[in-house]
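I opened the model today to look up a few side chains and what surrounds them. My notes follow in the order in which I checked things.

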Amino acid sequence: MKEAEVGASLGLLFKVAYPIWMYIGAGASYNPVYEEITEYSSNGSVYEVVWMRNSDQTQFGFYPEAGLILKVGNALTLKVSWAACCAMEKWCCSSGWVFSFD
């Protein structure tokens, strides 16, 4: 089984107090699930192996998100965000370093 995720989000950025920023937004995602299917010929030998999309598990999702951004120096930013993941089934937290080139 192979899973993928394609998403996009938009939001608003607010300055809390320099160097801390906060953002809120919303996004949408498409999460297709593919399964490997082996097709056999009439004599029982393998005809071909193909990947098919499982439409029962493939889903579209909407997720709200919010986060904090801490600007460290001119080119380094620490980002922490919270978002509803997996079609609103749970909340996920992510963090990371972002390099910006002005």
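**Contacts and rings**

I began with Ala66 and listed what it touches, leaving out residues up to four places away in sequence: the contacts are Tyr23, Ile24, Val80, Ser81 and Trp82. I note here that this is a predicted model.

Next I looked up where Ala66 sits, and found it in strand β6, which covers residues 59-72. For one of its contacts, Ile24, I took the C-alpha to C-alpha distance, which is 4.3 Å in space, although Ala66 and Ile24 are 42 residues apart in sequence.

Is Ala66 buried or exposed? Its relative accessible area is 28%, which falls between the limits of 20% and 50%, so I entered Ala66 as partly exposed.

I then turned to the aromatic rings and asked how many pairs there are. The count comes to one aromatic pair. In this pair the ring centres of Tyr30 and Phe60 lie 4.8 Å apart, and because their planes stand at 35°, between the limits of 30 and 60 degrees, I recorded the pair as tilted. Tyr30 belongs to strand β3 (residues 20-31) and Phe60 to strand β6, so the pair ties together parts that are 30 residues apart in sequence.

I also checked the accessibility of both partners: Tyr30 is partly exposed, with a relative accessible area of 26%, whereas Phe60, at 68% relative accessibility, counts as exposed.

My last entry concerns a charge and a ring: the charged end of Lys2 sits over the ring of Trp51, at 4.5 Å from the ring centre.

Notes
Residues are numbered from 1 along each chain as its sequence is written. This is a predicted model: local features need pLDDT of at least 70, side-chain atom pairs count only at pLDDT 80 or more; totals for chains, interfaces and linings use all residues. Side-chain values use heavy atoms; hydrogens and water are left out. Helices (H or I, at least four residues) and strands (E, at least two) are DSSP runs, numbered from the N terminus. Buried means under 20% relative accessible area, exposed over 50%, partly exposed in between (1.4 Å probe, protein chains only). Contact means heavy atoms within 4.5 Å. Rings of Phe, Tyr and Trp (its six-membered ring) pair if their centres lie within 6.5 Å; planes under 30 degrees apart count as stacked, over 60 as edge-to-face and the rest as tilted. A charge sits over a ring if NZ of Lys or CZ of Arg is within 6 Å of the ring centre and within 35 degrees of the ring normal.
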